[in-house]
Amino acid sequence: MKTLILVFSRGGRTLKKAKSIQKQLGADLFEIHTDVKYGGYFKALRIAKKEYDSKAEVPSSVDLASFEGYERILVGFPIWYGKCPRVVMTFLSQHDFGATPVYPFCTSGMSAITNAYIVIKEENPKLNLGPGLNVNHAKEADIKNWLGE
């Protein structure tokens with residue numbers, strides 16, 4: 001199944017997990033970047049809180065012209081304050097994925113993907129949203145189960 005992985009990673013942990021999934025699935029991978037300088041973990045959390053409180057549109061520096069040909073799209077991000085970073089939320093709201101299923105995945109020290117998933121669904125009601133997964137400790141079998149393989 002032709003798969004695209006879109007990933008935003010501030011410190012590299014989410015990108016590392018995305019690359020592991022990419023290798024397992026033979027997927028294409030594109031990083032979502034932004035010009036926002038999040039810096040270290042605590043600075044990033046302060047900025048993220050301000051972005052969420054103001055419902056900021058945080059543009060990304062990656063723009064894919066088309067998602068045609070992909071049978072599923074995986075979107076990875078770190079959890080900040082129990083939520084998906086605004087740069088990812090902005091990316092999702094500015095692109096049309098059509099009927100292609102989108103599966104969110106996250107890394108987090110303490111949070112499940114539940115709250116982030118709810119916000120993604122609320123802000124993107126047209127998105128064909130598949131189940132989400134916290135991939136911190138996910139093994140190959142967990143990934144296959146998550147994707148219904």
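Which residues form one aromatic cluster? In this predicted model, the answer is F8, Y38 and W80. That trio is a handy way into the aromatic side chains here, and a search through the whole structure turns up seven aromatic pairs.

One of these pairs joins Y41 and F42. The ring centres sit 5.1 Å apart and the planes meet at 80°; since anything over 60 degrees goes down as edge-to-face, so does this pair. As for contact with the outside, Y41 is partly exposed, its relative accessible area being 43%. F42 comes out at 60% relative accessibility and therefore counts as exposed, the cut-off being over 50%.

Another pair brings F67 and F97 together. Here the centres are 4.6 Å apart with 45° between the planes, which makes the pair tilted. Where do F67 and F97 lie? F67 belongs to the loop between α2 (41-53) and β3 (72-78), while F97 belongs to the loop between α3 (86-94) and β4 (102-107). The pair therefore ties together parts of the structure that are 30 residues apart in sequence. Are these two rings buried or exposed? F67 is buried, at 7% relative accessible area, and F97 is buried as well, at 5% relative accessibility. Both values fall under the 20% cut-off, which is why the two residues count as buried.

Finally, there is a ring with a charged neighbour. R86 lies over the face of Y52, 5.1 Å from the centre of the ring.

Note on methods: Residues are numbered from 1 along each chain as its sequence is written. This is a predicted model: local features need pLDDT of at least 70, side-chain atom pairs count only at pLDDT 80 or more; totals for chains, interfaces and linings use all residues. Side-chain values use heavy atoms; hydrogens and water are left out. Rings of Phe, Tyr and Trp (its six-membered ring) pair if their centres lie within 6.5 Å; planes under 30 degrees apart count as stacked, over 60 as edge-to-face and the rest as tilted. Buried means under 20% relative accessible area, exposed over 50%, partly exposed in between (1.4 Å probe, protein chains only). Helices (H or I, at least four residues) and strands (E, at least two) are DSSP runs, numbered from the N terminus. A charge sits over a ring if NZ of Lys or CZ of Arg is within 6 Å of the ring centre and within 35 degrees of the ring normal.
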